[in-house]
Amino acid sequence: DYCKLEGEFKVGNFFMLKPKGVSPVKIVLTEINEGHYFTDCTKFWGAKMYDTHSMEQTPEGLKLINKMVVTGPLKWLWIKLVAQNVADSVPEEMDALVNLARTLDD
């Protein structure tokens, strides 16, 4: 439904993500290399999910990369309940991001 950054885009701040049909989730910014990548962390009971969003310039153009890592004793549960669904939606979200970027470039 929405994603809202609370405060500035800097380590330690967070954004609230409200997926359709579920409660909002707090996601903390854990690492930022502006213009290159950022990593965020979602805490679950017994696990943490880290999501790194990066950009890499290639001869073919800009490459967008999304890497997810789940840690903790209950990672298997959260991979099944959340991470796999997030990973499955990445291609669609990347296409939307590319289309948005193209409209801003015109």
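The side chains of Asp-1 and Lys-18 meet in a salt bridge, with 3.4 Å from N to O, where a salt bridge is a side-chain nitrogen of Lys or Arg within 4 Å of a carboxyl oxygen of Asp or Glu. This pair links distant parts of the chain, since Asp-1 lies in the segment before S1 and Lys-18 in strand S2, 17 residues apart; strands (E, at least two residues) and helices (H or I, at least four) are DSSP runs numbered from the N terminus. The model is a predicted one, in which local features need pLDDT of at least 70 and side-chain atom pairs count only at pLDDT 80 or more, while totals for chains, interfaces and linings use all residues. Residues are numbered from 1 along each chain as its sequence is written, and side-chain values use heavy atoms, with hydrogens and water left out.

The structure holds two salt bridges. In the other, the side chains of Lys-20 and Asp-1 meet at 3.6 Å, N to O, and this pair joins the loop between S2 and strand S3 (25–33), where Lys-20 lies, to the segment before S1, 19 residues apart. Asp-1, Lys-18 and Lys-20 are thereby linked in a network of salt bridges. Asp-1 is exposed, with a relative accessible area of 55%, and Lys-20 is exposed as well, whereas Lys-18 is buried at 16%; buried means under 20% relative accessible area, exposed over 50%, and partly exposed in between, with a 1.4 Å probe and protein chains only.

A search of the whole structure also finds two aromatic pairs. Rings of Phe, Tyr and Trp (its six-membered ring) pair if their centres lie within 6.5 Å, and planes under 30 degrees apart count as stacked, over 60 as edge-to-face and the rest as tilted.

| Pair | Centre to centre | Angle of planes | Arrangement |
|---|---|---|---|
| Phe-9 and Phe-38 | 5.2 Å | 85 degrees | edge-to-face |
| Phe-44 and Trp-78 | 4.5 Å | 10 degrees | stacked |

Phe-9 lies in the loop between strand S1 (2–6) and strand S2 (14–18) and Phe-38 in strand S4 (residues 37–44), so the pair ties together parts that are 29 residues apart in sequence. Both rings are partly exposed, Phe-9 with a relative accessible area of 36% and Phe-38 with 22%. The pair of Phe-44, in strand S4, and Trp-78, in helix H1 (residues 75–105), links parts of the chain 34 residues apart. Phe-44 is buried at 17%, and Trp-78 is buried at 18%.

Another ring has a charge over its face: Lys-26 lies over Phe-14, at 4.5 Å from the ring centre, the condition being that NZ of Lys or CZ of Arg is within 6 Å of the ring centre and within 35 degrees of the ring normal.

Strand S4 also holds Asp-40, which is buried yet has no salt bridge, the nearest side chain of opposite charge being Lys-43, 13 Å away; in this count Lys and Arg are positive and Asp and Glu negative, while His and the chain ends are not counted. The side chains of Asp-40 and His-53 are nevertheless joined by a polar contact of 2.9 Å, that is, a pair of N or O atoms within 3.5 Å, of which, within protein, one must be able to donate a hydrogen and the other to accept it, residues adjacent in sequence counting only if both atoms are side-chain atoms. Leaving aside neighbours within four places in sequence, Asp-40 is in contact (heavy atoms within 4.5 Å) with residues including Phe-15, Ile-27, Leu-29, Tyr-50 and His-53.
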